[in-house]
Structure formats: C-alpha cells, structure tokens
Amino acid sequence: MSEVVVKRRRLHPGQVRLKNSPKRFRVAMFGRRWGKNVEAIDEAMTDSLDGLAVGWFEPGYKYLLEAWRDLVSRLRPVARHISEQDKRIELLTGG
C-alpha cells in the first residue's frame, strides 16, 4: 500500500494556540486577514482524517465556496467520494 500525502498549510503561532485550546467552544475575534478560515480548514482536516464527522457553515454561499475548494483540493487524495452538488466529501477514514 502506498503512502498518501495530504498537503496542509503551516499555521502561525496564534493559529496553533487557537487550534490547541482545550475549550469546547472558542470565539475567534481577529482581523479580516488573521487566518481564521485557514485554522478552521486545518482543524476540519485533522478531525475528518481522524474519522470524525465535520460540518462547515458560512454566512453566505460565496464564503462557503472558498473553503469548499480548499478542502477538496487538499483532501482529494484520501477522498472516497466527492459530491459537488451536495458539497460533501467522504473520506477513506470514515470522516
């Protein structure tokens, strides 16, 4: 069996701190260019690769598409099924 590589972005120290917070709920009040989506995409990838179900919600379809395209491009190597219509990715890990 060959090894599959999933490309991830490098998080800056603030994003790592947010991601590693043990709190169940976290409020991220930062500027527009801080990288909240980058951290959230990384967290969604981590959880889904661990076999967990992940949901993504945005206030508008335009914002959803940005995250969707990024997730699809990064998770394609481990995707069992990708539905563009339903915006759903099923991974080999069950996530």
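The exercises below work through the fold, two helices, a pair of charged residues and a loop residue of one predicted model.

Residues are numbered from 1 along each chain as its sequence is written, and side-chain values use heavy atoms, with hydrogens and water left out. In this predicted model, local features need pLDDT of at least 70 and side-chain atom pairs count only at pLDDT 80 or more, while totals for chains, interfaces and linings use all residues.

**Exercise 1. Describe the fold and overall dimensions of the chain.**

Step 1. Assign the secondary structure, taking helices (H or I, at least four residues) and strands (E, at least two) as DSSP runs numbered from the N terminus. The chain has 3 helices and 2 strands, in the order α-α-α-β-β.

Step 2. Test the radius of gyration, taken over C-alpha atoms, against the globule rule of 2.2 Å times the number of residues to the power 0.38. For 95 residues a compact globule would have a value near 12 Å, and the chain's 14 Å agrees with this. Along the principal axes, the C-alpha atoms fill a box of roughly 40 × 30 × 20 Å.

Step 3. Consider burial and contacts. Buried means under 20% relative accessible area, exposed over 50%, and partly exposed in between (1.4 Å probe, protein chains only). Buried residues are 28% of the 95. With contact meaning heavy atoms within 4.5 Å, residues 24 or more positions apart supply 43% of the contacts that have a separation of 6 or more.

**Exercise 2. Check the lengths of H2 and H3, and state what covers their buried residues.**

Step 1. The expected span of a helix is 1.5 Å times one less than its number of residues. Helix H2 (residues 36-49) has 14 residues and should span 20 Å; its end C-alpha atoms are 20 Å apart, so the two values agree. H3, with 15 residues, reaches 20 Å, close to the expected 21 Å.

Step 2. List the buried residues. In H2 they are Glu39, Ile41, Asp42, Glu43, Ala44, Met45 and Ser48. Those of H3 include Leu65, Trp68, Leu71, Val72 and Leu75.

Step 3. Identify the cover. For H2, the cover includes helix H1 (13-19), helix H3 (61-75) and E2; for H3, it includes H2, E1 and E2.

Step 4. Look just past the end of H2, where Gly51 takes a positive phi of about 90°.

**Exercise 3. Is Glu43 buried or exposed, and which residues does Glu43 touch? Relate the answer to Lys19.**

Step 1. Glu43 is in helix H2 and is buried, at a relative accessible area of 18%.

Step 2. Leaving out residues up to four places away in sequence, Glu43 touches Lys19 and Arg26.

Step 3. Lys19 lies in helix H1 and, with a relative accessible area of 22%, is partly exposed. Under the same sequence exclusion, the residues that Lys19 touches include Arg26, Glu39, Asp42 and Glu43.

Step 4. Lys19 and Glu43 are 24 residues apart along the chain, with their C-alpha atoms separated by 6.9 Å. For Glu43 and Val54, 11 residues apart, the C-alpha separation is 9.5 Å.

**Exercise 4. Where does Lys87 lie, and what is its phi?**

Step 1. Lys87 is in the loop between strand E1 (79-83) and strand E2 (88-91).

Step 2. Lys87 has a positive phi of about 55°, although it is not a glycine.

Step 3. With 25% relative accessibility, Lys87 counts as partly exposed.
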